[in-house]
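Below are some comments on the structure you sent. They are set out as numbered points and cover the surface, one core position and the cysteines.

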Amino acid sequence: MTTVSLGRFLLKRAVQGVFVIWGVVTVVFLLRFITPGDPVTFIAPLDASQELRRRIAAELGLNRPIYVQYLDYLAGLLQGDMGYSYISNTEASARVFARLPATVELAVAATVVAVALSIPLGVVSATRRHEPVDYGATLFSLVGISTPNFWLGIMLVLLLAVQFGLFPTSQRGTGFLPAVAGTVGQFDPGLVVRLAVELRGEALLAYLGKLPLVTWLAHITLPAVTLGTYFTALITRLTRSGMLDELGKSYIRASRAKGLPESLVRYKHALRNTLAPVITVVGLQLGTLIGGAVITEAVFAWPGLGTELIRAINLRDWPLIQGSLIVIGAGFVVVNTLVDALQAYLDPRVVAD
Amino acid sequence: MPEEDSSLNRRSFVKLAGGAAASVALAGCGGDGGDTPTDAGGEDGGDGMGDGDDTPTPTATETDDSMGDGTDTETATDEPDMGFPVTITQGQPPSTLDPHNHRETPTDSVVLHAYEGVLTREPTGEVVEKLATGFERVEPGLVRFEVREDVRFHNGDDLTPRDIAYSINRIVDGDVGIESPQNDQLAGVTGASVVDGERAVEVESDGLNPVVFSLFASYCDVMQRSWVQADDTEPATETNGTGPFQLSSYEEGVEVVMERFEDYWREPADVTELTFLAAGEPGTRVNQLLEGETDVIVNVQPQEISRLSDADNARVAAEASTRIIYNGMRYDVEPFSDPDFRRAMNYAVDLDSIIENVLQTFGDPTGQPTLEGFVGHNPDVDPYEHDPARAEELVSESGFEGAELELHTPNGRYLRDFEIAQAVVEQVDSLSNVSCEINQRDFGSLAGELTDGDITTSPPLYLIGWGNSTFDASQTVIPLLTSDGAVSSYSNEEVDSMMEQAQNEGDREERESILQELNATLHDQAPWIFLNRQYSVYGASNRVEWTPRADERIDAYAMSPAE
């Protein structure tokens, strides 16, 4: 594979991505015109005069032809302007981008949970095929894939937060980066060592529990598990079947015949080859999680794009609905493009195809 | 409530241990090897809420103190005073902190802690002075407010009459600052000015404006003119009022934190820190309350009531609101053009059953458009009785036997609106000579048809709700039941004439008498199927002494620690 051919491949993908985003923008824009109800109804008070309604429509530009509104909207988007939300009294782009980090943080955390659980589980399941652990992992995968995440979220909250008080029920607390900064600022290793040496477990737990990073972790655990469960089950199955496939191949037999230790055969050779398709799916799922976090965010009052989108839909806050959908769509396209690039780098046959 | 000293209680310990387990799991994933400081966990100790049935237990803080000075943890009994922090979770976050640039209750609930009006209402609805020390009608169309002395804004500046006049003009005059969406809330008011040489403000109205004091008791928060007009001020994200709380931090769409204003002109509030959160899901709000993460939650759904009633640390707090739910019937189309048929519909509905079974008693029956406690309510008018036989008889007399009706209703806009509509449809349909179906509608399109100024686009029969926080009959009857009303589907010369007479009557008692007569007429004419007065149903922590208000305002100044 030459650098030129890789570059051409990536350029092609990027151009495709731009057209897909344009398509998303167009569909999202048109949604407003095929949805029943007039946005002025939601902005104006119920007993507002017709004059006030006309004035609001004029201020929002709703009385212009659709194509003018569309071109105007596209021009605004190119400058990062998603319009002004009169209902939320804010620039839509400012609100959407303020919510994005919380959603990305949740999607990444769900991915981390999923990858950390699923790959070891898939490997163990494959290497101990037809043993109880394999049956357990297979059952977990089946249940994980079949369970709707809104139900799982509600059950986790009722059981682990409300019943046992192990986690907060909802909200985000501080974000990850402020939590890291806060923890670095106030963490005292000397104190931790002293408490540990003096065997003062409760005091140690109390001290650690106050650290911002731990507070952040307590808030994100249940939403991340909720969002990541389906994904965990999926990757577990993928890893298991991939491992079984690889372990049956002749190069594995050759490795074993050569006298390589079994751990090396499994983890260096078989697992390594299994991970290529897993990485692709992980990347694609990350994009899906950004959009799919809507329900999980609602259950946990997580202040991300999903919560914002639901609020905006309820209030028919069009600039925010459009902005949220476009960012979710664009996020998916960008992640897909990055995964394509990674795949092309790892497997030159992709470029050749 | 059990006191906690240096030791952790079992519940806190379990929380910390649970967090630790999660930390280990994630730390392991990240390759930290599990030896990071995240090897522990716990609740959000920062807010000092702990569990709802505990005292504020800043367990880690205790440890901090004891660690900081190198003494034993057992010395932590001198726990720092955490004050009385209160958290309120609403369904929506405030859309702005500018008190004049919104029309929503969730925003009102927040900004009213930082800003105050010239008048206000007692929880019972009675109009009383706030930033004014007196108010009077000087002549028809002109009223005067005496301005209170020794009131300071949060920035330390004194309140002046000029600030009050400016605030009124900022709402009613589009040339002063903003085009306020509240200008129709001060209906009829045309402007305000400072009385030369006196600490007073005069407010002019177009016409008599008999409800002007009611309007000022509900609307118009006072802002400082010089602060608003300063170049570096952002009223949408900052506050500077005279209220009992001043802004500490604001994360748009997420959280508002306020602290007690120590220079408040009345006694400082008992609440030391006030936090507003938002959770759109009703179940999430209840979970927060049960877990002690918040102290007051709004809009508890009837199906969640038992979870709160059974809890040790929380309770249900309900109050009749200022919103009436009704079925409008278009007077200009058959069969609703006949008063007998409209009355028949009222007799067909079993309101008591709806309130008991659908609303689980969180509702009051109505028989007139004006709610009890409002100016103009007629105490002699009772709700229609449930009498299906009489209903069938009236339908026969009207000549519209076999009428096929369709009730248009939103779903989720008002408390159990769709379920109420289902019950109404079932009861009307059970009459032998009328059939009825339900039509679930998107609220936007339904409201659009009702407010487009063209009665012919409105559905003949629909369910809608109307809130009136002025506590005066006129603000319900004029928009909903007069010929020119913005949301009216009814026209009756007698009603129009009585309403006009009331609006031009300066004598309060005489006016009230006219409005009472008007309500009796409307009961007889039955332009609506009179349904229920909606309740505001809250959940409240037992650590907070608080009673909800009819006007849906959540007043943290009235909160105190429970005994």
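1. A nonpolar patch of about 450 Å² lies on the surface, formed by A:Phe150, A:Trp151, A:Ile154, A:Met155 and A:Ile295. Please keep in mind that the model is predicted.

2. The element that gives the most to this nonpolar patch is helix H7 of chain A, residues 149–163, with four residues. A:Phe150 lies in helix H7 of chain A. With a relative accessibility of 40%, A:Phe150 falls between the 20% limit for buried and the 50% limit for exposed, so this residue counts as partly exposed.

3. In chain B, consider B:Ile324, which lies in strand S12, residues 314–329. Is B:Ile324 buried or exposed? The relative accessible area of B:Ile324 is 2%, and buried means under 20%, so B:Ile324 is buried.

4. Which residues are in contact with B:Ile324, leaving aside its neighbours within four places in sequence? They are B:Thr366, B:Gln368, B:Pro369, B:Leu371, B:Ile464, B:Gly465, B:Trp466, B:Trp528 and B:Asn532. For a distance across chain B, the C-alpha atoms of B:Ile324 and B:Arg121 are separated by 20 Å, and the two residues are 203 apart along the chain.

5. How many disulfides does the structure hold over all chains? The count is zero. Two cysteines of chain B can be placed by accessibility. B:Cys220 has a relative accessible area of 4%, under the 20% limit, and is therefore buried. B:Cys436 is buried too, because its relative accessible area is 7%.

Conventions:
Residues are numbered from 1 along each chain as its sequence is written. Chains are lettered from A and ligands numbered from 1 in the order in which they are written. This is a predicted model: local features need pLDDT of at least 70, side-chain atom pairs count only at pLDDT 80 or more; totals for chains, interfaces and linings use all residues. Side-chain values use heavy atoms; hydrogens and water are left out. Patches are made of residues with over 30% relative accessible area and no salt bridge: like charges are joined within 9 Å, nonpolar side chains (Val, Leu, Ile, Met, Phe, Trp, Tyr) within 5 Å. Accessible areas come from the Shrake-Rupley method with a 1.4 Å probe; for residues, only the protein chains shown count as cover. A salt bridge is a side-chain nitrogen of Lys or Arg within 4 Å of a carboxyl oxygen of Asp or Glu. Helices (H or I, at least four residues) and strands (E, at least two) are DSSP runs, numbered from the N terminus. Buried means under 20% relative accessible area, exposed over 50%, partly exposed in between (1.4 Å probe, protein chains only). Contact means heavy atoms within 4.5 Å. A disulfide is a pair of cysteine sulfur atoms within 2.5 Å.
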